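Dear colleague,

I am passing on the structure below, together with an account of what was found in it. Please look it over first and then read on.

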Amino acid sequence: MDEVQGVIDVAKGISDVGAIVMTGAAFIVLSLLMWVVIFRWFKSIIDNMITKNAKVMDDLLATTNAQNELLNDIADGMRPTTLLQIKSISNTCFDLSVERVCRIIKKVREENNIINKEATKQKIRTLLCNLHEDRNSRFDTTRYRGKTLTHFTSSEWIDWVAEVVEREVYSENPNNARAFTNVEAVYARIRLDFYHKLND
């Protein structure tokens with residue numbers, strides 16, 4: 001009987017220890033799973049923070065660059081040398097335009113049937129428009145206060161010059177010296193209009 005009781009006690013001990021081992025194993029597995037979940041959670045939080053910080057830094061850098069460009073443009077506009085350079089460039093272009101317009105007057109007088117006034121006016125406007133656009137293409141390479149110089153020009157100038165050209169072409173007493181003086185006067189008006197627009 002003692003032997004049977006001994007075997008039962010051993011079996012009972014093994015059974016109790018096995019349950020403890022199983023409980024311990026389950027606790028260890030649950031602990032490991034909890035650590036994995038916590039680790040992934042922290043990793044996702046850190047990844048989100050890094051992504052948001054990178055986006056904020058990119059936005060801040062873009063804003064800073066835009067502000068720097070704007071400040072540089074404003075600073076360029078405030079420098080007297082910049083305005084002096086622009087006036088020098090524009091004066092050269094306007095002086096060249098005076099010469100070209102005088103050539104247009106002479107050319108239209110000599111080469112065209114000026115009796116047909118509508119066709120002649122159309123040709124004069126086309127030539128002056130081409131001249132204006134050519135000058136604007138040169139102005140596109142220079143900036144002032146964040147805008148190209150073309151922004152400060154006006155298509156109204158074509159009409160001003162066209163009036164002078166038509167008056168000279170249809171003058172009863174053609175005079176190249178007078179034509180030059182009149183064209184120069186209209187370009188002086190254009191220069192002043194250009195300078196006023198630069199300063200506004």
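**What was found**

Setting aside residues up to four places away in sequence, Thr 153 touches His 132, Asn 136, Phe 139, Phe 194 and Lys 197. Please keep in mind, for this and for everything that follows, that the model is a predicted one.

Thr 153 sits in the loop that runs between strand E2 (147-148) and helix H4 (156-169). Is this residue, Thr 153, buried or exposed? With a relative accessible area of 12%, Thr 153 counts as buried, because the cut-off for that word is under 20%. Its side chain makes two links that are worth finding on screen: a polar contact of 3.3 Å with the side chain of Asn 136, and an approach to the backbone oxygen of Thr 150 at 2.7 Å.

Turning to the chain as a whole, its secondary structure comes to five helices and two strands, and these follow one another along the sequence in the pattern α-α-α-β-β-α-α. The protein chain has 200 residues, of which 24% count as buried. Among the contacts with a separation of 6 or more, 78% are made by residues that lie 24 or more positions apart.

The largest nonpolar core has 33 residues, and those with the most contacts inside this core are Val 101, Leu 128, Tyr 187, Phe 194 and Leu 198. At least two residues of this core are supplied by each of helix H2 (80-111), helix H3 (117-139), H4 and helix H5 (176-199), and H2 gives the most, with 10 residues. In soluble globular proteins, nonpolar side chains tend to be buried together. Leu 128 may serve as an example from this core: leaving aside its neighbours within four places in sequence, Leu 128 is in contact with Val 101, Ile 104, Ile 158, Val 161, Ala 162 and Val 165. Phe 194, which also appears in the list of core residues with the most contacts, is one of the residues that Thr 153 touches.

On the outside, the accessible surface of the protein chain comes to about 14,100 Å², and carbon and sulfur atoms account for 61% of that surface. Which residues form a nonpolar patch on the surface? The patch is made of Trp 41, Phe 42, Ile 45, Ile 46, Met 49 and Ile 50, which together have about 630 Å² of accessible area. One of them, Ile 45, lies in helix H1 (residues 2-78) and is partly exposed, with a relative accessible area of 32%.

With best regards

Methods
Residues numbered from 1 in each chain as written. Predicted model: local features only at pLDDT ≥ 70, side-chain atom pairs only at ≥ 80, totals over all residues. Heavy atoms only, no water. Helix = DSSP H or I, 4+ residues; strand = E, 2+ residues; numbered from the N terminus. Buried < 20%, exposed > 50% of the residue type's maximum accessible area, 1.4 Å probe, protein only. Polar contact = N/O pair within 3.5 Å; in protein donor to acceptor, adjacent residues only side chain to side chain. Contact = heavy atoms within 4.5 Å. Core = buried A, V, L, I, M, F, W, Y, C linked by side-chain atoms within 4.5 Å. Areas by Shrake-Rupley, 256 points an atom, 1.4 Å probe, with all protein chains shown as cover. Patch = residues over 30% accessible without salt bridge, like charges linked within 9 Å, V, L, I, M, F, W, Y side chains within 5 Å. Salt bridge = Lys/Arg side-chain N within 4 Å of Asp/Glu carboxyl O.
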